[in-house]
Amino acid sequence: MPGGVSGNLRYFAPYPLYMAQGSGCTTVDVDGNEYIDCFCCNGPLLLGHRPNALSTVADKIEAAGALLVNPTLMIECAEALKRVIPCAEQVRFLNSGTEAVMTAVRCARAFTGKDNVVKFYGHYHGQDDQFLLGLSPTRAAFGAGVPNAHFANTLTLPFNNIAAFEKLMREREDIACVILDPAMHSGGLWGASKDFLIAVRDATRKAGVVLIFDEVITGFRMGLGGAQEYYGVTPDMTTLAKALAAGEKLGAVVGSADIMAVFDPLAPASPRAFQSGTANDGSGALTAALGAITEYERLAAEGRYQLLWWQVEQFDTALREIAEAASIPLTTNRLCSMMQLFHSRRPGSFESYSGLNNAVLELFYLALINEGVLLSLPTSNHIYFSFAHDEGAFATILQAVTAALEKYPFQAAFAEIIQ
Ligand code: PMP
């Protein structure tokens with residue numbers, strides 16, 4: 001396996017961890033070391049490892065088989081999504097966030113008859129060629145192997161900039177859709193401003209452009225109804241994956257019925273777009289999704305989202321206080337149950353922070369691993385808390401931070417590369 005891993009993100013120097021099992025908010029490596037897991041496999045484990053809500057997955061596969069054509073389970077699952085996601089009038093299931101994004105964009109192009117897509121700098125939308133650019137504040141390609149021609153229909157704009165967005169919408173009439181990750185997670189968790197989302201909603205509606213929220217990360221995490229419920233702005237279409245099936249492999253595209261009719265074999269002839277996938281109806285993933293959504297509904301009804309966000313806020317404050325007391329220049333971005341760290345004293349932005357040298361931050365994450373806390377994979381800087389993180393877990397993480405800062409000369413190391 002290249003790098004000994006099944007995805008570039010999973011590798012970090014000097015060597016990656018290999019995990020043997022997980023339970024609640026902890027995970028255990030193959031050497032038997034236990035960690036509090038705040039990486040949560042890059043987001044999906046919002047219910048923690050092996051949650052009760054997923055305990056029927058194996059039974060369902062045993063009883064029904066792994067894959068059936070049109071199982072009624074998919075209808076139950078689609079109905080659950082309609083209940084909780086504001087824009088969900090219709091649903092298609094697939095296997096990953098990448099596929100969901102590809103499908104939503106194809107749907108928008110078929111519906112509008114136009115080719116161009118607007119994405120924002122710092123937003124990651126999966127592995128499809130047309131979106132592997134603009135992860136930094138430039139149009140640079142993200143890695144080799146993507147022909148420039150694949151970027152020809154992808155327009156890029158700065159996020160949260162109403163003037164730049166409205167200008168583009170005035171100038172162009174060839175735009176099929178606008179896609180955005182409301183948390184701007186990959187770019188450093190610079191969440192959307194509500195005013196920006198309202199302006200984008202208004203301008204796209206006026207121009208007949210399809211608005212897609214990529215809620216692969218924010219779905220179920222920024223509340224039961226995701227970012228669209230959190231901000232009170234409803235897009236035309238939404239992509240979901242990650243927490244949708246709480247660790248099982250499932251993606252979905254949901255959206256307005258008139259747009260998604262391009263996939264409907266019963267709708268009047270044209271336009272008709274193709275969408276299909278061999279494993280779209282997997283019993284395990286659909287059972288997990290149904291169990292997870294039902295559990296999110298229960299947690300939302302009990303006010304547990306607010307409680308988790310409050311716990312993360314307290315944790316964030318305590319973490320910054322510990323760093324401050326140790327003269328470590330650390331700032332944090334936090335949104336609901338997500339966090340990212342930056343070694344800087346200055347309040348920043350996506351643009352000003354994207355050039356930061358993360359070498360010492362990576363060592364900080366490694367030091368925490370030695371203290372039994374997987375706060376993030378060192379190279380990813382993605383921190384996610386789950387409903388399985390209790391008060392004791394947060395306290396243990398803070399103790400580990402204190403211990404790591406006492407044991408290693410972080411103050412000198414950070415001071416050397418501070419910008
Ligand atoms: N969209 C967003 C916002 C993502 O963060 C990701 C993955 N991190 C994807 C799409 C792609 O999802 P997947 O890895 O399931 O293909």
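**A393**

I started with A393 and looked up what it touches in this predicted model. Leaving out residues up to four places away in sequence, A393 is in contact with C25 and I36. I found A393 in helix α12. Is A393 buried or exposed? It counts as buried, because its relative accessibility is 4% and the cut-off for buried is under 20%.

I also checked A393 against K82. Their C-alpha atoms are 34 Å apart in space, and 311 residues separate them in sequence.

**Nonpolar cores**

Next I went looking for the nonpolar cores. The largest one has 112 residues. Which residues have the most contacts inside it? I noted down L81, F220, Y296, L341, L375 and F385.

I picked F220 from that list and looked up its neighbours. Not counting residues up to four places away in sequence, F220 touches a whole list of residues, including L46, V84, I85, G226 and L240. L81 and Y296 are also among the residues that F220 touches, and both of them appear with F220 among the residues with the most contacts in the core.

There is a second core, separate from that one, with 21 residues. V117, F131, C177 and A273 are among its members.

**Salt bridges**

Then I turned to charged side chains. Side chains of opposite charge can pair when their charged atoms come close. How many salt bridges are there? The count comes to nine, and I looked at some of them one by one.

My first pick was E302 with R298: their side chains form a salt bridge with 3.0 Å from N to O. Both ends are partly exposed, since E302 has a relative accessible area of 48% and R298 has 38%. This pair isn't on its own, as E295, R298 and E302 are linked in a network of salt bridges.

My next pick was D316 with R320, a salt bridge at 3.1 Å from N to O. Where do these two sit? Both are in helix α9, which covers residues 304–325, and because they are four residues apart there, about one helical turn separates them. I compared how covered the two ends are: D316 is buried at 2% relative accessibility, whereas R320 is partly exposed at 33%.

My last pick was K407 with E371, where the closest N and O atoms are 2.7 Å apart. K407 belongs to helix α12 (residues 391–407), while E371 is in the loop between α11 (359–370) and β13 (373–374), so this pair ties together parts that are 36 residues apart in sequence. K407 is exposed, with 55% relative accessible area, and E371 is partly exposed at 22%. I remembered helix α12 from my first entry, as A393 is in it too.

**The ligand**

I finished with the ligand. Which residues surround it? I wrote down S96, G97, T98, Y124, H125, G126, D181, D214, V216, I217 and K242.

Three of these gave me distances to copy:

- I found an N or O atom in the T98 side chain 2.6 Å from an oxygen atom of the ligand.
- For D214, a side-chain N or O atom is 2.6 Å from a nitrogen atom of the ligand.
- For K242, a polar side-chain atom is 3.0 Å from a nitrogen atom of the ligand.

How much of the ligand does the protein cover? On its own, the ligand has 390 Å² of accessible area, and the protein covers 83% of that.

Key. Residues are numbered from 1 along each chain as its sequence is written. This is a predicted model: local features need pLDDT of at least 70, side-chain atom pairs count only at pLDDT 80 or more; totals for chains, interfaces and linings use all residues. Side-chain values use heavy atoms; hydrogens and water are left out. A salt bridge is a side-chain nitrogen of Lys or Arg within 4 Å of a carboxyl oxygen of Asp or Glu. Buried means under 20% relative accessible area, exposed over 50%, partly exposed in between (1.4 Å probe, protein chains only). A nonpolar core is a set of buried Ala, Val, Leu, Ile, Met, Phe, Trp, Tyr and Cys residues joined through side-chain atoms within 4.5 Å. Contact means heavy atoms within 4.5 Å. A residue is near a molecule or strand if one of its heavy atoms lies within 4 Å of it. A polar contact is a pair of N or O atoms within 3.5 Å; within protein, one must be able to donate a hydrogen and the other to accept it, and residues adjacent in sequence count only if both atoms are side-chain atoms. Accessible areas come from the Shrake-Rupley method with a 1.4 Å probe; for residues, only the protein chains shown count as cover.
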